[in-house]
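Q: Got a two-chain model to go through with you. Can we start with the interface?
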Number of protein chains: 2
Amino acid sequence: MTDCRLDVLCIGNAIVDVISDTTDAFLDAEGLTKGSMRLIDAEEAERLYSHMGPAREISGGSAANTAAGVAALGSRAGFIGQVAPDQLGGFYRHDLTSAGVEFTTPATDFGVPTARSMVLVTPDGHRTMNTFLGAAQNLPPTALDEDQIGSAAILYLEGYLWDPEVPRNAMVRAIEVARASGRKVAFTLSDTFCIDRHRDGFNALIDEGKIDILFANEAEIQALAMVPHLETAVAAVRNKVGTLVVTRSEHGALAIRGSERADVPSEPVEKVVDTTGAGDLFAAGFLTGEARGLGLEQSLKLGAIAAAEVIGHYGARPEADLKALAGAVLA
Amino acid sequence: MTDCRLDVLCIGNAIVDVISDTTDAFLDAEGLTKGSMRLIDAEEAERLYSHMGPAREISGGSAANTAAGVAALGSRAGFIGQVAPDQLGGFYRHDLTSAGVEFTTPATDFGVPTARSMVLVTPDGHRTMNTFLGAAQNLPPTALDEDQIGSAAILYLEGYLWDPEVPRNAMVRAIEVARASGRKVAFTLSDTFCIDRHRDGFNALIDEGKIDILFANEAEIQALAMVPHLETAVAAVRNKVGTLVVTRSEHGALAIRGSERADVPSEPVEKVVDTTGAGDLFAAGFLTGEARGLGLEQSLKLGAIAAAEVIGHYGARPEADLKALAGAVLA
């Protein structure tokens with residue numbers, strides 16, 4: 001799509017990750033489900049924060065991580081999301097902008113601070129997220145730059161954005177604008193609990209043919225289809241979306257488009273430090289491949305490479321030179 | 001000192017580290033001296049920040065890192081330092097408190113935000129620090145809790161605190177209180193550029209017999225004595241302080257007390273990621289040993305173990321279980 005100014009424009013919750021090492025016993029004591037994301041209010045955020053250990057603050061947010069990954073792979077990325085005019089919001093804008101992502105949504109004072117997610121990482125590298133949405137839940141449809149949406153080859157949205165009503169409306173509007181401009185719409189189901197909260201809404205989007213590329217992991221596609229079997233779930237969904245991408249952690253990933261299917265193995269990882277962002281970076285790799293017309297197998301491979309990099313360190317944005325790591329595929 | 005409520009009370013600049021990977025070429029282009037710390041104003045902080053890449057925010061500050069290390073080794077640590085009532089200040093207090101450090105200095109609004117240091121890490125693991133002191137430069141003598149100082153076996157101060165006038169006064173007062181209570185005073189020279197700025201002040205403290213334990217690295221002890229030779233510099237200073245501790249990076253460390261001397265090798269490090277905090281954590285180990293009456297060699301060994309842990313990851317505070325790593329020495 002040479003007429004497009006951006007390759008991938010991502011819209012999602014603008015969240016700073018507050019990452020702390022923890023133990024399985026701590027998760028048990030707090031009644032938390034390992035690997036999940038839950039939304040919490042200011043009071044619970046304060047309570048949990050006072051219990052957890054010292055932390056690193058690193059910019060995150062699912063779709064924003066994907067945008068950072070797309071930029072790191074050398075494609076043109078943008079992000080739409082809401083921060084407050086506070087220190088966290090300043091860090092957030094700096095981190096995205098200096099990563100090469102176009103981020104022009106203005107900071108606005110809604111009386112709540114920039115969102116943060118307390119990410120508890122157990123020794124096995126799994127992350128459990130406790131998200132206080134703050135300013136992110138107030139992204140209004142009026143904050144969208146519709147020209148920007150019209151000039152991006154792919155609009156990518158995170159399922160998490162469906163949780164609060166205001167950004168849900170922004171998301172629906174963004175999809176309308178993208179489709180009216182003839183652009184592709186990509187969507188990630190985000191989390192099984194998120195699917196449980198919004199199954200009808202997600203299915204409506206899919207059934208109405210509004211999703212060109214759907215991302216899910218194995219648990220999510222099964223939760224969406226409500227069948228405990230991967231291939232049955234895939235069969236139930238594959239014909240409702242243009243392209244279906246399913247990630248399977250260490251078992252690799254698959255993509256289906258019409259009658260075409262590709263399966264790739266996962267990339268080797270020396271040590272799993274923190275799985276936060278693995279799905280986000282997989283999407284970044286796949287979408288970069290799509291934007292370059294690389295075909296399913298090569299796009300999946302780019303996804304696997306980007307995901308493998310991000311789980312080798314704390315934080316959900318790439319630290320190594322992704323373009324170099326993906327050199328053979330991008331060449 | 002069984003009559004003491006705290007083993008080590010540290011006083012220093014309360015600074016959040018904003019850590020970003022960089023290249024030697026970037027340091028050259030910015031005219032920065034690798035491995036150094038420089039003080040910058042708000043305008044230069046803004047300018048440099050806009051040039052540097054995405055970052056992790058992790059609580060730091062030299063003496064505070066030492067306090068976190070002392071607590072991680074199982075001794076009783078406190079910290080005195082000034083933060084603003086902002087998000088960074090909130091993170092700062094959380095990180096120290098949840099690390100087990102007593103930190104009761106109130107946040108105060110001086111019209112400047114909590115301090116941050118932009119830490120640029122080159123691929124060889126060396127760090128170059130650009131520090132905006134913000135609220136930290138306003139720590140007044142009146143913020144000292146003199147009962148707390150009187151109840152700590154060792155008062156530990158960083159040379160960096162000598163830079164701004166207000167905390168310098170607080171430092172002088174804290175030393176008076178500690179000495180009047182019969183406590184030990186430990187001091188780190190911090191940085192060769194800091195010594196160049198304050199050689200007379202540091203030498204006055206030492207010559208007046210106010211320093212019981214002096215920490216320096218090889219370059220610092222030579223800068224203080226103004227001789228380009230380690231043993232000559234050591235000989236010039238050793239009799240002016242109760243105990244002299246000199247760290248020598250990969251060449252180990254030495255300690256001298258009167259006629260007694262101990263030398264230890266450095267501990268093996270798998271991969272040097274970020275040397276920020278190596279000296280701070282060495283001091284934490286040594287002071288923990290001192291507080292337990294372990295003797296020079298074992299105290300140096302504790303220092304070497306704590307320093308080796310912190311340079312294996314980003315950030316200047318321990319992440320692994322230091323007590324377990326130091327098990328044999330502490331037993």
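A: Sure. Contact first: two residues touch if their C-beta atoms, placed from the backbone, lie within 7 Å. Note that this is a predicted model, where local features need pLDDT of at least 70, side-chain atom pairs count only at pLDDT 80 or more, and totals for chains, interfaces and linings use all residues. Residues are numbered from 1 along each chain as its sequence is written, with chains lettered from A and ligands numbered from 1 in the order in which they are written.

Q: How many residues does each chain put into the contact?
A: Chain A gives 22 residues, and chain B gives 22 residues.

Q: Which element of chain B gives the most to that side?
A: Helix 4 of chain B, with six residues. Helix 4 spans 87–98; strand 4, at 56–59, also supplies at least two. Helices (H or I, at least four residues) and strands (E, at least two) are DSSP runs, numbered from the N terminus.

Q: What is the make-up by class on the chain B side?
A: Nine nonpolar, six polar and seven charged residues. Nonpolar means Ala, Val, Leu, Ile, Met, Phe, Trp, Tyr, Cys and Pro; charged means Asp, Glu, Lys and Arg; the others, Gly among them, are polar.

Q: Strands now. In which sense does strand 4 of chain A pair with strand 4 of chain B, parallel or antiparallel?
A: Antiparallel, over three bridges. Pairing takes at least two DSSP bridges between the strands.

Q: Which residue does Ile58(A) stand opposite?
A: Arg56(B), in strand 4 of chain B.

Q: Symmetry next. What rotation superposes chain B on chain A?
A: 180°, with 0.0 Å of shift along its axis and RMSD 0.0 Å. The two copies are therefore related as by a two-fold rotation axis. The fit is least squares on C-alpha atoms of residues with pLDDT of at least 70 in both copies.

Q: Which C-alpha of chain B is nearest the axis?
A: That of Glu57(B), 2.5 Å from the axis.
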